[in-house]
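Thanks for coming, everyone. I'll put the structure up on the screen, and then we'll walk through a few spots together.

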Amino acid sequence: MAAAALRVASRRLSRRAGSGVPILLRQMFEPKSCTYTYLLGDRESREAVLIDPVLETATRDAQLVKELGLQLLFAVNTHCHADHVTGSGLLRTLFPGCLSVISRLSGAQADLHIEDGDSIHFGRFALETRASPGHTPGCVTFVLNDHSMAFTGDALLIRGCGRTDFQQGCAKTLYRSVHEKIFTLPGDCLIYPAHDYHGLTVSTVEEERTLNPRLTLSCEEFIKVMNNLNLPKPQQIDVAVPANMRCGIQTPPS
């Protein structure tokens, strides 16, 4: 089913972003886990995707999709989250035909598994998948096909990055992922992370390349910092990870 869905997705219109009517973008916030969910849509075809939906706010997201007259094709996760339960399962129930999507390397279940280099198409636009492991082995960054914006999940945050001390995280791998897969994008490419804890909403590749206090360090210094963060474990991890391993196909609560 996943292979067939990917073939269908690859046949969708894929003209370069930026030509004609601009993309529709909405950034939404879930306060308990400080998670950003992103709605992207083609204003002409009305096809849309949601990135990193949260269960508690999935009905809010669904209402916005309906109000804007969009057809939700995909509910996409940048990785198997530990701090919230994904809203993919509820959204695919609310929107028949909507497919849940996650990296194959996450080990999680979904309607559609993606790998490095795959594209998710909606109308005239596409999201390029860039594997960016390190926070977890299955982390990916989604880059709009004109390289004007990137949705970095927990790999790269604004002036920070995701932790690497659980879920098979690796500081060295994360450092290489960010420098090779994200910092190689154009400097004015907008960075939209999965979380922010300080009220910030967006950055750029150039800002993070030059101002990120962790990722401007050498790899050796970065590893030392990441190995000594001593953070408490996420409050919802014992519930969120098992639920998200059934990403998008779990039975939503009644």
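Let me start with a small one: which residue follows helix 2, and what is the sign of its phi? Helix 2 is followed by glycine 69, and the phi of that glycine is positive, near 70°. Before I go on, keep in mind that what you see is a predicted model.

Okay, the sheet. There are six strands here, in an open sheet with the order 1-2-3-4-5-6, and the pairing is mixed. At the edges you've got strand 1, residues 24-30, and strand 6, residues 112-114, each of which pairs on one side only. On average, neighbouring strands of this sheet are turned by 25° against each other, ignoring direction. As a quick reminder, strands of a sheet pair through backbone hydrogen bonds, and that can be parallel or antiparallel.

Let's zoom in on one pair. Strand 3, residues 47-51, and strand 4, residues 71-76, pair in the parallel sense, with five bridges. If you look at valine 49, you'll find phenylalanine 74 of strand 4 standing opposite.

Now back to that helix. Helix 2 covers residues 58-67 and lies across strand 1, strand 2 (35-41), strand 3 and strand 4. Relative to strand 1, helix 2 runs at about 160°.

So which residues of helix 2 are buried? They are Ala58, Asp61, Ala62, Leu64 and Val65. Looking down the axis of helix 2, these buried residues fall within an arc of 160°, so they line one face of the helix. That fits the usual rule: an α-helix has 3.6 residues a turn, so residues three or four places apart point the same way. And what covers the buried residues of helix 2? The cover includes strands 1, 2, 3 and 4, plus helix 3 (88-94). Flip to the other side of helix 2 and you get Thr59, Lys66 and Glu67, which are exposed.

Last stop: serine 203, which sits in strand 12, residues 203-204. Is serine 203 buried or exposed? Serine 203 has 2% relative accessibility, so we count it as buried. The side chain of serine 203 has polar partners, too. One polar contact, at 3.3 Å, joins it to the side chain of arginine 159. Another, at 3.2 Å, goes from the serine 203 side chain to the side chain of glutamate 207. Leaving out residues up to four places away in sequence, serine 203 touches Ile158, Arg159, Cys189, Leu190, Ile191 and Glu208.

That's my tour, thanks for listening.

Technical notes
Residues numbered from 1 in each chain as written. Predicted model: local features only at pLDDT ≥ 70, side-chain atom pairs only at ≥ 80, totals over all residues. Heavy atoms only, no water. Pairing = 2+ DSSP bridges. Helix = DSSP H or I, 4+ residues; strand = E, 2+ residues; numbered from the N terminus. Axes fitted to C-alpha atoms, helices over the stretch in contact; angles between N-to-C directions. Contact = heavy atoms within 4.5 Å. Buried < 20%, exposed > 50% of the residue type's maximum accessible area, 1.4 Å probe, protein only. Arc of directions from axis to C-beta. Polar contact = N/O pair within 3.5 Å; in protein donor to acceptor, adjacent residues only side chain to side chain.
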